[in-house]
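Shall we sit down together and learn how to read a model, one feature at a time? Bring your questions, and we will work through them in turn.

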There are 2 protein chains.
Amino acid sequence: MNGAESLVHSLLKSGVTTCFTNPGTSEMHFVAALDRIPGIHCVLGLFEGVVTGAADGYARMAGKPAATLLHCGPGLANGLANLHNARRAATPVVNIVGDQATYHRPLDAPLTADTEGFARGVGPWVRTAMDVKTVGADAAAAVQAAMVAPGQVATLILPSDTSWNDGGIVADALPVLPTPTSSPDQIEAAANVLRRGGQGVVLLLGGVALHEEGLALAHRIQAATGCRIVAQGSNARMARGQGRLSVERVPYVVDVAVKAMAGTKQLILAGSRKPVTFFAYPNKPQTSIPDDAEIHVLARPEQDIVEALARLADLLGCPNVAPPDNGSRPEAGRGAPTPEAIAATLGALMPEGAIIADESVTFGRGFFANTKAAPQHDWLNVTGGAIGGGMPMATGAAIGAPGRRVINMQADGSAMYTVQSLWTQAREKLDVTTVLLSNRKYQILLGELANVGANPGRTALDMMDLGNPDIDWCKLAGSMGVEAARADTADAFGDLLAHSLKRSGPFLIELMI
Amino acid sequence: MNGAESLVHSLLKSGVTTCFTNPGTSEMHFVAALDRIPGIHCVLGLFEGVVTGAADGYARMAGKPAATLLHCGPGLANGLANLHNARRAATPVVNIVGDQATYHRPLDAPLTADTEGFARGVGPWVRTAMDVKTVGADAAAAVQAAMVAPGQVATLILPSDTSWNDGGIVADALPVLPTPTSSPDQIEAAANVLRRGGQGVVLLLGGVALHEEGLALAHRIQAATGCRIVAQGSNARMARGQGRLSVERVPYVVDVAVKAMAGTKQLILAGSRKPVTFFAYPNKPQTSIPDDAEIHVLARPEQDIVEALARLADLLGCPNVAPPDNGSRPEAGRGAPTPEAIAATLGALMPEGAIIADESVTFGRGFFANTKAAPQHDWLNVTGGAIGGGMPMATGAAIGAPGRRVINMQADGSAMYTVQSLWTQAREKLDVTTVLLSNRKYQILLGELANVGANPGRTALDMMDLGNPDIDWCKLAGSMGVEAARADTADAFGDLLAHSLKRSGPFLIELMI
């Protein structure tokens, strides 16, 4: 058995069943092994940003890592931006990066690069498999590392000779390392704050606190104590819809966030961190939390957050409560395609179990209110601010949760970074509806430029303008085998969304906003 | 004057007049400064790989660096693959990477990443501008660093507060650092080898030895001594065509390269390195040079190569010679679109001063023979093996050498990595003809997989297949504002190529091969 075969067998033993690939020359033995050994579903991406973003989306839904297959340092580099997003989402990802043979690296052939150096920025676990006898064990260790709570990116670099040499040994799965739990002091301190109650007690949820079980516990705590429940600004996955606690997020825009969080006196962190602004601005605060607020850590992101919430609810003696009533499902929007109208249509039409992959950037900031009474669904954010995460995330989520419709609310500027995702959606016949929000500009930057104060001239405006030439999204989707149509109104959007939900496979709606 | 303004003024003083941009929020003051201060041509790319690859192509033709404008660590990461190519081409590039304010970085906001760490893999000069008073000087130092012979990637990280703070100071250009020259011993040793002559003396050219003047000197030396002249496998820029020495390159495929370089007894390096194979293969040599060949370094890549060739020619007393006769211009190819026929058409039709941006990968290996008697032109290779360099390089070359037609011989698989280049070509109305070599597969990988020996099954074949769905390149180009048409034969290709050369602006020919 060669190294590549032992690697594939070991990945399988560790539960990896999906590999997003963009292979190159140095990975041919690994490709041949994936070919010979059944069990791993290989999904080709035509650019590495698609591969890594899909691995992120997959694991958010599947709850276990996919492998990626990348080619040398530059191939990894192309995938780093979405690995950065995965790092911020605490998503488990196992990168397999093929590279020069161990004895060829010193010759510094053209494609030789600092692969380990590139990998270090996106996760703490980076290893080069130097020996055929241990590459199987390396794979098991990589999966174990990826699954360390709350999840992280692990990169295993695979020199080609480690792959082709004979003598590979299959490794058994390593145990998932135990997740540390909160200390009694952490629970007690949070309980005391909540018992005192009063205005200004905020429980800030992050990570798995936003999945079904965590939300139900938060709802019990809220019902018993009257505290306010808020979610972090960007989240890997939020359970939403009828019967689930509807949770607002800390807003993106500094002034709006400061207003939203004003009055916070006691901030209890449950798998979250104290909110900081995305960027600093002259003479603006760096956090939306008032300076005099006290911070209490119920559970750090790497602790068992749901367990901590359960202990907290028990300690407080919170009774069980009926699921929250989020009101009635909205009517589909009409007329102009405003954010509110589009969100209403989304809320009116999305099917039970939908997955919303949200890279709507400026346009989508108001989507939550009109979707809280939709059927139960999951909402995925691009977590690291590296744009181009949405389409790959949607692609991976569809593979990680087969049978569920993915609706990708996608800004046009961001979409262009990883537009090759559409091809993979067509090839894999994925049930993804892309709602392409076509405003033909980097709207977020126009807002930021206005903040700078200058009256922008041609040079600045050109740098924020996606027109001249306009991108024809229907043609672009069609060129990669994805059917598409254009909508100018909320009504037309509703018709196309309904149409896309009735058929299988991908569909793109270019929504002119 | 704020820091951003002092930065723009300092770049201008150092001769930077072009900036390829993909800005984000943290760069708004820099954008505003570019807007207010005339003199820098800003070119928007919709993905950072376009930006950095264009900066590479620009500097290869303009002989001076462009600036890039990138957004934080993930934005830089998206540009790393083509910066790797630029590093291997020894292209001067000045990256300006906007980043978190100095005092915001410790808060680890979502977009915070190890920007310096990402930059270190592509060039030795990495600096974070920590102070508004010195950011102008930092810019001058970055340009100076980029121009250190033979050229390199310099990265200046620009925290947003350094940009917006008041107190910027404009810096004068720093002198170009002197290029070290070869020692008399280096020249003497090479001269002795050439004087002894005999079979098996090879002068291997790299870097600027392949520009006009270096080639003329090599031709004189060849005429006087009978040595063989060979170029490195991939080169930043080769002067070619009528009246210029036609130089073969070290082939890519190991066995072919070994055969081509067999009999080499004395290898003289002129701005080149001893050839190594792109990858290692089981039981195959790592270099095409026979083990018993003696190596002599006339000039290292960082030495003044042309000066060394001139001194060598003088020492040898090489007389002036008439320019070489490369034969008569080929007739355009006919019938099936073979590599030879396509090369003949290219040779027959390319205009004087054409720039060939070559990312033709497998299909283009035989292009040289039928283009050596074309009008004078420059030939640019993707130098670092990171695919996706061709289209951005063509884009940048057109801006770096206005008035000259760029012909981008472009493999389809590689094109998909940076396909957003077409939009920039349309916006800037660049005279680029893209010859999209559509074989709908990763042909190079099929060859490599065959070498592995296995009979590939569905899983492996799917990973090398760009069909299912087929990419419609005419539609794809059209979606981004680039006119396009399809050719199935060499004749039809010739008609479309001639058509594209008569019009201005970009055009794409999808050549079915």
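What follows is a short dialogue on this predicted model.

Q: Where should I start with the two chains: how are chain A and chain B related in space?

A: Start from the general idea: two copies of a chain are related by a rotation about an axis and a shift along it. Here, a turn of 180 degrees with a shift of 0.0 Å along the axis lays chain A on chain B, and the RMSD is 0.0 Å. The two copies are therefore related as by a two-fold rotation axis.

Q: How many residues of each chain are in contact across the interface?

A: The contact involves 80 residues of chain A and 80 residues of chain B. On the chain A side, helix H4 (residues 72–89) gives the largest share, with 8 residues. Sorted by class, that side of chain A holds 44 nonpolar, 25 polar and 11 charged residues.

Q: Why can we say that the copies meet through the same surface?

A: Because 100% of the interface residues of chain A are also interface residues in chain B.

Q: What should I look for in the largest nonpolar core?

A: In general, nonpolar side chains tend to be buried together in soluble globular proteins. In this model the largest nonpolar core has 370 residues, and those with the most contacts inside it are A:Ala270, A:Ala397, B:Ala270 and B:Ala397. Take B:Ala397 and look beyond residues up to four places away in sequence: among those it touches are B:Tyr58, B:Met61, B:Ile355, B:Leu380 and B:Val406.

Q: How is chain A divided into domains?

A: The domain assignment gives domain 1 (3–164), domain 2 (184–316) and domain 3 (339–512). For domain 2 and domain 3 of chain A, the C-alpha centres lie 28 Å apart. Their contact takes 16 residues from domain 2 and 17 from domain 3. Strand S9 (residues 238–240) supplies the largest share of the domain 2 side, 3 residues. By class, the domain 2 side divides into 6 nonpolar, 6 polar and 4 charged residues.

Q: Could we finish with a single residue: where is A:Gly333 found?

A: A:Gly333 is in the loop between helix H11 (305–316) and helix H12 (339–349) of chain A.

Q: And is A:Gly333 buried or exposed?

A: The cut-off for buried is 20 or more other C-beta atoms within 10 Å. A:Gly333 has 24 C-beta neighbours inside 10 Å, so A:Gly333 counts as buried. Leaving aside neighbours within four places in sequence, its contacts include A:Glu340, A:Ala344 and A:Ala490.

Conventions: Residues are numbered from 1 along each chain as its sequence is written. Chains are lettered from A and ligands numbered from 1 in the order in which they are written. This is a predicted model: local features need pLDDT of at least 70, side-chain atom pairs count only at pLDDT 80 or more; totals for chains, interfaces and linings use all residues. A nonpolar core is a set of buried Ala, Val, Leu, Ile, Met, Phe, Trp, Tyr and Cys residues joined through C-beta atoms within 7 Å. A residue is buried if 20 or more other C-beta atoms lie within 10 Å of its own, exposed if 12 or fewer, and partly exposed in between; C-beta atoms are placed from the backbone. Two residues are in contact if their C-beta atoms, placed from the backbone, lie within 7 Å. Helices (H or I, at least four residues) and strands (E, at least two) are DSSP runs, numbered from the N terminus. Ala, Val, Leu, Ile, Met, Phe, Trp, Tyr, Cys and Pro count as nonpolar, Asp, Glu, Lys and Arg as charged, and the others, Gly among them, as polar. Copies are superposed by least squares on the C-alpha atoms of residues with pLDDT of at least 70 in both. Domain bounds come from an automatic or database domain assignment.
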